[in-house]
Amino acid sequence: MNNDVVISVKNVTKTFKVYYDKGNLLKEKLLFWKRNRYENRLVLDDISFDIHKGETVGLIGKNGCGKSTTLKMLTGIYYPNKGNIDTVGRISSLIELGAGFHPDMSGRDNIYINASIFGLTKKEIDERLNDIISFSELEKFIDNPVRTYSSGMYMRLAFSVAINVNADILLIDEILAVGDANFQQKCFAKLNDLKKQGITIVIVTHDSNTIRSFCDRAIWVNKGKIVFDGDANKAVDKYMSYMTEEQVAKEDGTQNEEIITDDNHFGKYKGMITDAYLLDENDNRTFIQTTKKHTKLVIEYDIKHKSEYGYVFGMGFFDESNRCIYATNTKLDDVKIDDNLTKGKVIFDIPSLPLMSGKYSVNASIVDNNGTPLDFYRSIGTMKIVANNKDEGEFYIAHSWRNEK
């Protein structure tokens, strides 16, 4: 492997035996030996990729496409039927909730067992024990048997161990979907810290916003093959386009046209966003604006082929981490768009812009009421916001103070 490659997957194929009607008892196996019929189900078909030190990579795809199997092979839980997997450094994983936990042992004892699986010595675990317990917020329950824990408590403990083993590679499989919102936010803050420290992270998730905002790169797996490997935004766009096309095909029973994708647009292009821009309080085009000023987002469109489902226009503001901080559309706001118009403008009017100082990207979109993307216009431009006040945060909230006796 190259010096900075820490995960190398070369021509890996993985199959599983799937039994149709397998006897479990010896008597059943002897009397009904013909029942032991099975098929070799191909899960991964000759896939290859490298992950470099410090990269954060997302694996996306439909259920059953091979994402979790790939992650389990990286940990050594499964082995490929063909091909090679090489890794460099200590691996920590969050694959299955509470995997490796003994239900009758306390949370404290399970910390020692779980951390030792990751390769820590007792001395190393002793040094990290307080940090693990503190992060999990399970101080009151740490000496209770883990069988008495809720699924959220399991996740807290598992995550807390995994991030405190000083791993070089962290593998995560959808586990962050468990737990309350506050702890999920705490987990992502910790993951961002690990990312800044140069830890290599591979995450499997169906949350496209997580892929866009957290990952440097994404690998889309479909039917055991890698369809796309590259920029996270492009990977999500292509995957979401595919899923939309598949859903529409199921609903109308026809094969639909391919959704076209370029650097800034994706959709069927039956309806195009021909221009999109911001206007200041004087109706001048601008991408520099001041907090609390009157602002308009103008979306100019050209409908080339009329849709029987009607149209929905949407917009969104994204921060520099590509995290959606606000988005809405005409359907959510119960605004009816005239389906008979083929050309025109839709104006999103903001009487008092609430964004604080910073740089934000602006998105606009047209879909039909059936959910088919006609045109998504990503990153219309980078909007620089200047605040004329000293408040902190991302949004300005109109307010006043008063003192009462």
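Which residues are linked with Arg 217 in a network of salt bridges? They are Glu 55 and Asp 229. That network is where I will start, and please keep in mind that we are looking at a predicted model.

Some background before the pairs. Side chains of opposite charge can pair when their charged atoms come close. Searching the whole structure gives 18 salt bridges. I will go through three of them.

Begin with Glu 55 and Arg 217, whose side chains form a salt bridge at 2.9 Å, N to O. Glu 55 sits in the loop between strand S2, 38-52, and strand S3, 56-60. Arg 217 belongs to strand S8, residues 217-222. The two are 162 residues apart, so this pair links distant parts of the chain. Both Glu 55 and Arg 217 are buried.

Next, Arg 147 and Asp 104. Their closest N and O atoms are 2.9 Å apart, and they form a salt bridge. Arg 147 is in the loop between helix H4, 122-136, and helix H5, 151-162. Asp 104 is in the loop between strand S5, 91-94, and helix H3, 107-117. This pair also links distant parts of the chain, with the two positions 43 residues apart. Are these two side chains buried or exposed? Arg 147 counts as exposed because its relative accessible area is 54%, and Asp 104 counts as exposed because its value is 52%. The cut-off for exposed is over 50%.

The third pair is Asp 216 with Lys 195, a salt bridge whose closest N and O atoms are 3.4 Å apart. Asp 216 lies in the loop between helix H7, 208-214, and S8. Lys 195 is in helix H6, residues 181-196. They are 21 residues apart, and the pair is again a link between distant parts of the chain. Asp 216 is partly exposed, at 39% relative accessibility, and Lys 195 is partly exposed as well, at 22%.

Now to the backbone. Which residue in the loop between H4 and H5 has a positive phi? Glu 137 does, at about 60 degrees, although it is not a glycine. That loop is also where Arg 147 is found. With 41% relative accessibility, Glu 137 is partly exposed.

Asn 166 is another case: not a glycine, yet with a positive phi of about 55 degrees. Look for Asn 166 in the loop between H5 and strand S6, 169-173. Asn 166 counts as exposed because its relative accessible area is 54%.

To close, back to the opening network: Glu 55, Arg 217 and Asp 229, linked by salt bridges.

Key:
Residues numbered from 1 in each chain as written. Predicted model: local features only at pLDDT ≥ 70, side-chain atom pairs only at ≥ 80, totals over all residues. Heavy atoms only, no water. Salt bridge = Lys/Arg side-chain N within 4 Å of Asp/Glu carboxyl O. Helix = DSSP H or I, 4+ residues; strand = E, 2+ residues; numbered from the N terminus. Buried < 20%, exposed > 50% of the residue type's maximum accessible area, 1.4 Å probe, protein only.
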